[in-house]
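Welcome! Take a moment to turn the structure around on your screen, and then we can walk through it together.

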Amino acid sequence: MSGDRGPGSLQPGDLVVSRNRKWNGKAHWVVPGTYLGEDIHGWWVFQGAGEFCSRPGAAFYTASDAVLLIPRTGEYVATFYDDSYPGDFRIYVDLATAHAWNQLKPGVTEFHMIDMDLDVIRSTKHGVFVDDEDEFEQHRTDMAYPETTVAAMRAECAALFQAVQQMEAPFDMAGAGSTSAEWFRKGRA
């Protein structure tokens, strides 16, 4: 895996398989997508409707399109949904660390991260909230998260909550002119 935060020679149209794991190394979500490009915020991946996603004990076909932002800086990834999504999420930010890219062959790259449990969510029904704080507390003990990591994740979560709440780019969900809207257009083209 590359030690660099960036994806290296990734090209628009390449397959990107996001492979998430937990702190203890156990597999979590595997989500395929198509690399779209990059901007000042990071690298964008289109996850189209009908894609097969799985984790141990669960699997489904996606109900709508989504775009994933893998940021240049920060300990998170963010998935954006538009009004075609049948659920009420519009932004789902996973606190995550150890971002790494692994090119398997030309045109196929894996993106790896460690899911740190905490999520910042913008919901059409419930506003902006932090989810899975109980899971974070349980895993903090069970998986022996270092205290520096715990403090960093809590600080990152608070900053992300504020950014999503205030709709700061890239979390600006103000319609057709939002940051994610252009990436949805590119993914559907």
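## Starting at the last helix

This is a predicted model, and a good place to begin is helix α3, which covers residues 179–188. Which residues of this helix are buried? They are Thr 179, Ser 180, Ala 181, Trp 183, Phe 184 and Gly 187.

What do these buried residues pack against? Their partners are four strands by name: β2, β3, β6 (66–71) and β7 (76–80). Try finding each of these strands in the picture, beginning from the helix.

## The order of the elements

Now let us step back to the whole chain. The chain contains 3 helices and 10 strands. Reading from the N terminus, the order is β-β-β-β-β-β-β-β-β-β-α-α-α, so the strands precede the helices.

## Two hairpins early in the chain

Strand β1 spans residues 15–21 and strand β2 spans residues 27–38. These two strands are antiparallel and pair over 6 bridges. To see one bridge, look for Val 16, whose partner in β2 is Gly 33. The hairpin of β1 and β2 has 5 residues between the strands. In that hairpin, Gly 25 has a positive phi near 90°.

Strand β2 also pairs with β3 (residues 42–47), again in the antiparallel sense. How many bridges join β2 to β3? There are 4 bridges, and Glu 38 sits opposite Trp 43 of β3. The hairpin linking β2 to β3 runs through 3 residues. Recall that β2 and β3 are also among the strands that the buried residues of α3 pack against.

While you look at the strands, here is a helpful idea: in a regular strand, side chains alternate between the two faces of the sheet.

## Overall shape and surface

How does the chain compare with a compact globule? With 189 residues, a compact globule would be expected to have a radius of gyration near 16 Å, and the chain has 16 Å, so the two agree. The C-alpha trace spans about 45 × 40 × 35 Å along its principal axes.

Of the 189 residues, 49% count as buried. The accessible surface is about 9000 Å², and carbon and sulfur atoms account for 52% of that surface.

## Contacts and charges

Consider contacts between residues at least 6 apart in sequence: 50% of these join residues at least 24 apart.

The chain carries 16 positive and 27 negative charges. The mean positions of the two groups lie 3 Å apart.

Definitions and conventions:
Residues numbered from 1 in each chain as written. Predicted model: local features only at pLDDT ≥ 70, side-chain atom pairs only at ≥ 80, totals over all residues. Heavy atoms only, no water. Rg over C-alpha atoms; globule rule 2.2 N^0.38 Å. Buried < 20%, exposed > 50% of the residue type's maximum accessible area, 1.4 Å probe, protein only. Contact = heavy atoms within 4.5 Å. Areas by Shrake-Rupley, 256 points an atom, 1.4 Å probe, with all protein chains shown as cover. Lys, Arg positive; Asp, Glu negative; His and termini not counted. Charge placed at Lys NZ, Arg CZ, Asp CG, Glu CD. Pairing = 2+ DSSP bridges.
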